[in-house]
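Good morning, colleagues, and thank you for joining. I should like to take you through one structure, with attention to its side-chain contacts and its surface.

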Amino acid sequence: MTILPPRRSWLDIRWRQFRNAPRPVVRAVGANLLVAGILGIAYLAYDVALTRGARLPGGDLRTFFAALDVVLVLVVGSTLTYLIVPLPRGSSAGSQRTGWSAALGLFASVPIAYLVLVIVIQILRPLLT
């Protein structure tokens, strides 16, 4: 008679996956979160300055800067991930980088850029204005 271990709940499985995430994924998300956070704070400062009546050169360019924010997070986040996430080494001594590292950064940057802008525009901006 075999005794099977108890089945884990869906939440328990997801929590374990979250705690044991692969290092390349953590690095990619961290790099993109850093870039998106810095650019999000810059966008928030620009938006609050315009809301409080500052006259900045070029007028109201919030839409342009939001789009630029997303593009910069995609490009800089992918490049940063390419630089800090090497391929697994295996038996060789040197580490290699390929376009897959940059692709990992690109796939991580899309939702992070969106989520940071949502937090900045929908949550932080009403608190500061």
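**Helix contacts, a salt-bridge network and a surface patch**

Let me begin with a single residue, P111, which counts as partly exposed because its relative accessibility is 42%. Please bear in mind throughout that this is a predicted model. P111 is placed in helix α4. From P111 to A67 the C-alpha separation is 14 Å in space, while the two residues are 44 positions apart in sequence.

Helix α4, which covers residues 99-128, also brings us to its contact with helix α2, residues 23-51. The axes of these two helices come within 8 Å, and they cross at roughly 35 degrees. As for the hand of the crossing, α2 passes α4 in a right-handed manner. Sorted by class, the residues in the contact of α2 with α4 comprise 18 nonpolar, 5 polar and 2 charged ones.

I turn now to the salt bridges. How many does a search of the whole structure find? The search returns 4 salt bridges. One of them joins R62 to D47, and here the closest N and O atoms are 2.5 Å apart. R62 belongs to helix α3 and D47 to helix α2, so this pair ties together parts that are 15 residues apart in sequence.

Are the two partners buried or exposed, or something in between? R62 is partly exposed, because its relative accessible area is 22%. The lower limit for that class is 20%, and D47, with a relative accessible area of 1%, is therefore buried.

D47 has a further partner in R125, whose side chain meets that of D47 in a salt bridge with an N to O distance of 2.9 Å. Since R125 lies in helix α4 and D47 in helix α2, this pair ties together parts that are 78 residues apart in sequence. R125 itself counts as partly exposed, given its relative accessibility of 25%.

R62, in turn, forms a salt bridge with D60, and the closest N and O atoms of that pair are 2.9 Å apart. Which residues, then, are joined into one network by salt bridges that share partners? They are D47, D60, R62 and R125.

Next, consider L61, which is located in the loop between α2 and α3. L61 counts as partly exposed, because its relative accessibility is 30%. Computed along the sequence, so to speak, L61 and D47 are 14 residues apart, and their C-alpha atoms are 9.2 Å apart in space.

L61 also leads us to the surface. Together with F64, L68, V71, L72, V75 and V76, L61 forms a nonpolar surface patch, and the accessible area of these residues together is about 530 Å². F64, a member of this patch, is found in helix α3, which spans residues 62-84. With a relative accessibility of 49%, F64 counts as partly exposed, because the exposed class requires over 50%.

To close, I would ask you to keep two features in view: the salt-bridge network of D47, D60, R62 and R125, and the nonpolar patch that includes L61 and F64. Thank you for your attention.

Notes
Residues numbered from 1 in each chain as written. Predicted model: local features only at pLDDT ≥ 70, side-chain atom pairs only at ≥ 80, totals over all residues. Heavy atoms only, no water. Axes fitted to C-alpha atoms, helices over the stretch in contact; angles between N-to-C directions. Helix = DSSP H or I, 4+ residues; strand = E, 2+ residues; numbered from the N terminus. Left-handed = near helix turned anticlockwise from the far one by under 90°. Nonpolar A, V, L, I, M, F, W, Y, C, P; charged D, E, K, R; others polar. Patch = residues over 30% accessible without salt bridge, like charges linked within 9 Å, V, L, I, M, F, W, Y side chains within 5 Å. Areas by Shrake-Rupley, 256 points an atom, 1.4 Å probe, with all protein chains shown as cover. Buried < 20%, exposed > 50% of the residue type's maximum accessible area, 1.4 Å probe, protein only.
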